Amino acid sequence: MEDRQKLEKMVAELNQLQQQGEAIAKQLEQLNMSLADIRSATDALKGIEGKVGEEVLLPIGAGCFIDAEIKSDDVILGVGADVAIKKSAQETIETLTKETKDVESLIKSLTEQLTKINEVIAKQRPEAERLMQQAEMQQQQMQQ
């Protein structure tokens with residue numbers, strides 16, 4: 001019976017680790033999407049640097065563009081909670097560059113956590129499987 005309790009405890013721990021891993025994987029997916037969005041905005045701003053007064057093709061999504069004139073290098077930057085501030089394109093690029101570094105650092109940290117979780121799961125799984133086989137054999141012996 002002691003092995004059965006140990007097995008139940010291991011299974012519970014493995015399930016919890018699996019759930020944590022799945023939550024981290026979801027966070028990583030969202031962070032990677034945010035990172036792509038930040039990089040896209042940075043590239044767009046770099047692409048219009050020095051083009052005040054010029055016409056450009058402005059992407060509106062789904063491969064569609066409209067003609068637009070750049071009237072200033074000011075950017076309206078959302079800072080959260082439905083609040084936006086006006087910054088120059090260069091200041092915005094600097095802000096986005098810092099955000100890129102922050103998100104990349106967070107991605108690295110979460111990836112390391114996920115790797116550790118997966119290593120623990122891989123290490124504990126064979127023992128759990130061994131205990132499960134023992135429990136099944138004991139149950140078969142009791143039925144005979």
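**Overall architecture and local features of the predicted model**

The protein contains 2 helices and 4 strands, as described here from a predicted model. Along the sequence, these elements are arranged in the order α-β-β-β-β-α. The radius of gyration is 26 Å, well over the 15 Å that the globule rule gives for 144 residues, and the protein is therefore more spread out than a compact globule. The C-alpha atoms occupy a box of roughly 90 × 30 × 25 Å along the principal axes.

Burial and surface composition were also computed for the whole protein. Of its 144 residues, 23% count as buried. The exposed area amounts to about 10,800 Å², of which carbon and sulfur atoms supply 51%. When contacts between residues at least 6 apart in sequence are considered, 55% of them join residues at least 24 apart. The protein carries 17 positive and 26 negative charges, and the mean positions of these two groups lie 6 Å apart.

Helix α1 spans residues 2–48 and includes S34. With a relative accessible area of 34%, S34 is partly exposed, because this value falls between the 20% limit for buried residues and the 50% limit for exposed ones. The C-alpha atom of S34 is separated by 20 Å from that of Q113, a residue 79 positions away along the chain. Helix α1 also contains T42. The relative accessible area of T42 is 7%, so this residue is buried. Apart from neighbours within four places in sequence, T42 is in contact with I93 and L96.

The strands were examined next, in the order in which they occur. Strand β1 covers residues 55–61 and strand β2 covers residues 64–69; these two strands pair in the antiparallel sense, and 6 bridges are found between them. Within this pairing, G61 has C64 of β2 as its bridge partner. The hairpin of β1 and β2 has 2 residues between the strands, and A62 adopts a positive phi near 55 degrees there.

Strands β3 and β4 comprise residues 74–80 and residues 83–88, respectively. They run antiparallel and are joined by 6 bridges. In this pairing, D74 stands opposite S88 in β4. A hairpin is formed by β3 and β4, with 2 residues between the strands.

The backbone of the turn in this hairpin was considered residue by residue. A81 lies in the loop between β3 and β4. Its phi is positive, at about 50 degrees, although A81 is not a glycine. The relative accessibility of A81 is 75%, a value over the 50% limit, and A81 therefore counts as exposed. D82 is likewise placed in the loop between β3 and β4. D82 is a residue other than glycine, yet its phi is positive, near 55 degrees. D82 has a relative accessibility of 86% and so counts as exposed.

Note on methods:
Residues numbered from 1 in each chain as written. Predicted model: local features only at pLDDT ≥ 70, side-chain atom pairs only at ≥ 80, totals over all residues. Heavy atoms only, no water. Buried < 20%, exposed > 50% of the residue type's maximum accessible area, 1.4 Å probe, protein only. Rg over C-alpha atoms; globule rule 2.2 N^0.38 Å. Contact = heavy atoms within 4.5 Å. Areas by Shrake-Rupley, 256 points an atom, 1.4 Å probe, with all protein chains shown as cover. Lys, Arg positive; Asp, Glu negative; His and termini not counted. Charge placed at Lys NZ, Arg CZ, Asp CG, Glu CD. Pairing = 2+ DSSP bridges.
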